[in-house]
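Got your viewer open? Here's a walk through this one, stop by stop, with something to select at each.

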Amino acid sequence: MAIDRRREAGGGGRPLPEENGSVPGAVGGGPAAAAPPRAAVPVPPPPPAACSPLLLDYDGSVLPFLGGLGGGYQRTLVLLTWVPALFIGFSKFSDSFLLDQPDFWCREADGQGNWSGSLAPSHANHSGNGSIFPPPGLPTPAGGNASECDCHEWHYRIRAGLVQNVVSKWDLVCDSAWKVHIAKFSLLVGLIFGHLITGCIADWVGRRPVLLFSVIFILIFGLTVALSVNVTMFSTLRFFEGFCLAGIVLSLYALRIELCPPGHRFMITMVASFIEMAGQFLMPGLAALCRDWQVLQAVIICPFLLMLLYWVIFPESLRWLMATQQFEASKELILQFTHKNRVNTESDIKGVVPELEKEIARRPKKVCIVKVVGTRNLWKNIVVLCVNSLTGYGIHHCFAKSMMGHEAKMAITHNFYADYYTMAGIALASCLAMCPVVGFLGRRGGLLLFMILTALASLLQLGLLNLIGKYSQLPDSGMSDSVKDKFSTAFSIVGMFSSHAVGSLSVFFCAEITPTVIRGGGLGLVLASAGFGRLTAPIMELHNQKGYFLHHVIFACCTLICIICILLLPESKNQNLPENIPDGEHYTRQPLLPHKKGEQPLLLTNSELKDYSGLHDSAAVSDGISENTTANGMKSM
């Protein structure tokens with residue numbers, strides 16, 4: 001009866017199985033004598049075989065086969081990444097001339113050249129690169145009435161080598177002075193968004209397309225800036241100019257790093273930094289020759305026309321092609337390298353080309369920077385370096401304002417060129433000091449040293465100077481305000497020197513420890529953090545330096561946090577660049593000081609740390625550890 005009911009429920013055809021899993025005809029619940037055929041379960045395809053480790057070992061296998069940096073073609077490409085650094089230097093420091101706040105006064109309506117009244121009250125309090133004192137021969141502000149800004153025709157004395165700049169073109173003084181700070185925002189905000197977006201694009205489509213399209217659009221937007229009809233159009237176009245400039249900076253930085261063997265990466269990067277600073281030093285002379293801001297803007301942008309030739313002469317990054325497993329394009333580029341360098345393919349001892357031909361049908365494997373969220377160590381390293389970059393460039397402005405002064409009595413000089421070249425000279429000295437320090441102490445040790453100097457300079461300036469100020473008020477102390485100003489200047493110079501090194505070294509460090517497949521995104525994050533640090537300068541100027549002391553205190557606290565976090569970073573000196581995310585995860589933290597002879601290291605090396613991520617996944621792993629093995633994986637003595 002039960003069997004018949006089941007047949008009826010099943011449509012009278014196929015018998016349904018019993019409750020114990022048997023079917024009709026089975027004896028004692030055993031298997032049926034003639035079981036019906038079951039649908040075949042699809043077998044999942046086997047996972048693709050791992051890529052050959054020989055092809056992923058770019059620094060150890062591919063680059064030596066191509067001749068390293070000794071190949072003439074590689075040297076030519078490195079030189080081509082240096083040349084645009086001069087143009088980038090012009091663009092980055094153009095705000096100091098285009099938007100410099102000039103001395104201004106109101107001319108009488110009689111047109112005889114006699115100016116009456118006093119300087120506008122905003123003149124004595126303006127922020128920027130200009131002098132905060134009235135120049136000789138001009139009247140001293142007598143009052144602070146708003147009526148002094150009631151003028152029909154302003155006349156200007158521009159100290160930045162130009163006859164006319166953006167401020168004098170559209171009378172951005174008095175009630176319109178805030179528009180100058182918005183114009184400064186526009187370039188920096190464009191750089192920030194450009195670094196973030198073009199970094200991700202460079203990881204997906206390649207470094208070369210980002211570079212070439214950024215060059216095309218910076219020519220369009222940069223030359224259109226010179227044709228602006230009002231300050232709103234100027235600020236908007238400057239945003240897009242900064243966006244495109246960020247794409248050029250980021251792609252060239254990544255290409256430069258990926259071309260070099262481990263022992264030459266820092267030297268090649270520092271040469272590019274020196275060339276960029278040469279543009280900073282040459283900028284005043286260029287402005288004096290152009291005389292007009294529109295001509296200066298056009299002269300700054302036009303050299304990028306030469307980079308259009310890169311479409312023909314500059315290839316894609318071979319390291320990125322290999323890391324993303326685009327082996328067909330990699331093979332063509334390797335043959336191009338061997339032809340240019342006249343390398344005999346028979347010298348391929350490790351068999352790179354035959355191994356490449358075996359893997360040529362493999363599908364490309366591209367990665368987005370978002371994947372770093374699922375890692376254990378890599379995301380922490382990137383965040384630490386981003387905070388270091390933000391702190392270095394942010395506190396640099398605090399030291400600069402302390403030295404140049406946001407009040408009249410704190411200024412060390414009244415000359416625009418003296419201020420400008422003082423800042424440039426400190427940056428140059430910082431880069432010169434980085435070379436031996438990083439060469440001796442490594443990336444992590446050098447970054448730690450410069451961050452400690454920055455923290456000391458900041459804390460001494462905030463604490464010791466207040467103490468000196470209290471003692472100077474005592475009648476028998478023998479101290480004057482000039483002593484406090486001298487100490488402030490000395491600490492500011494040391495702070496600017498070290499903070500510039502912190503910012504620059506953080507960017508380079510992040511480029512080394514970020515894997516090739518996401519190096520564009522990692523560089524974009526750290527460069528955007530540096531942009532946020534620079535953005536604090538126009539923000540403080542917009543608020544007329546209100547909250548300046550709190551601003552300095554916050555960044556001083558950040559330096560102390562960064563000192564602790566730097567100790568958690570790995571050391572990348574003379575190490576191969578990580579090509580994929582697992583390589584970046586296996587970058588281990590090493591002690592700052594070398595081991596003494598016979599001393600047992602407390603940290604695992606790369607060869608001993610095969611898969612650290614699985615140590616805490618199951619209790620069975622810990623049960624299999626031998627009794628003579630300690631918790632950190634080292635043999636007990």
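**Stop 1: two loops with a positive phi**

Start by selecting glutamine 325, which counts as buried because its relative accessibility is 12%, below the 20% cut-off. Keep in mind as you look around that this is a predicted model. Glutamine 325 sits in the loop between α13 (318-323) and α14 (327-341). Check its backbone: phi is near 60 degrees, a positive value in a residue other than glycine.

Now jump to asparagine 574, in the loop between α20 (548-566) and α21 (581-585). Here too phi is positive, about 60 degrees, although asparagine 574 is not a glycine. Is asparagine 574 buried or exposed? Asparagine 574 counts as exposed, at 53% relative accessibility.

**Stop 2: zoom out**

Switch to cartoon and show the whole chain. You have 22 helices and two strands to look at. Of the 637 residues in the protein, 49% are buried. Taking the contacts with a separation of 6 or more, 78% are between residues 24 or more positions apart.

**Stop 3: the largest nonpolar core**

Next, select Phe97, Phe234, Ile248 and Leu296 and show their side chains. The largest nonpolar core has 87 residues, and these four touch the most other members. Colour helix α9 (residues 231-259) as well: with 11 residues, α9 gives the most to this core. Domain 1 (50-107 + 150-366) and domain 2 (369-471 + 482-589) both contribute residues, so the core lies between them.

Stay with phenylalanine 234 for a moment. Which residues does phenylalanine 234 touch, not counting those up to four places away in sequence? Turn on Leu98, Leu99, Val166, Trp170, Ala183, Val225, Ser228 and Trp293, and you have the set. Another core, of 49 residues, lies apart from this one; to find it, select Val210, Ala427, Phe450 and Met451, which are among its members.

**Stop 4: salt bridges**

The structure holds 10 salt bridges. Here are three to pick out.

Begin with glutamate 276 and lysine 92, whose side chains meet at 3.2 Å, N to O. Glutamate 276 is in helix α10 (residues 265-290) and lysine 92 is in helix α4 (residues 72-92), so this pair links distant parts of the chain, 184 residues apart. Lysine 92 is partly exposed, with a relative accessible area of 29%.

Move on to glutamate 258 and arginine 207, where the closest N and O atoms of the salt bridge are 2.7 Å apart. This pair joins helix α9, home of glutamate 258, to helix α8 (residues 207-225), home of arginine 207, and the two residues are 51 apart in the chain. Both glutamate 258 and arginine 207 are buried.

For the third, select arginine 443 and glutamate 512, whose side chains form a salt bridge at 2.9 Å, N to O. Arginine 443 belongs to helix α17 (residues 416-472) and glutamate 512 to helix α18 (residues 481-513), with their positions 69 residues apart in a pair that links distant parts of the chain. Arginine 443 is buried, with a relative accessible area of 5%, and glutamate 512 is buried too, at 0%.

Before moving on, add Asp203 and Arg519 to your view of Arg207 and Glu258. Salt bridges that share partners join Asp203, Arg207, Glu258 and Arg519 into one network.

**Stop 5: helix α16 and its cysteines**

Last stop: select helix α16 (residues 378-404). From its first C-alpha to its last, this 27-residue helix reaches 39 Å, close to the 39 Å expected at 1.5 Å a residue. Helix α16 is mostly covered, with 22 of its 27 residues buried.

Within that range, pick cysteine 386 and cysteine 398. Cysteine 398 is buried at 0% relative accessibility. Cysteine 386 is buried as well, with a relative accessible area of 11%.

How many disulfides does the structure hold? Zero. For cysteine 386, draw a distance to cysteine 510: that is the nearest cysteine sulfur, and it is 5.7 Å away. Cysteine 386 is in no disulfide because a disulfide needs the two sulfur atoms within 2.5 Å.

Notes
Residues numbered from 1 in each chain as written. Predicted model: local features only at pLDDT ≥ 70, side-chain atom pairs only at ≥ 80, totals over all residues. Heavy atoms only, no water. Core = buried A, V, L, I, M, F, W, Y, C linked by side-chain atoms within 4.5 Å. Buried < 20%, exposed > 50% of the residue type's maximum accessible area, 1.4 Å probe, protein only. Helix = DSSP H or I, 4+ residues; strand = E, 2+ residues; numbered from the N terminus. Domains from an automatic or database assignment. Contact = heavy atoms within 4.5 Å. Expected span 1.5 Å × (residues − 1). Salt bridge = Lys/Arg side-chain N within 4 Å of Asp/Glu carboxyl O.
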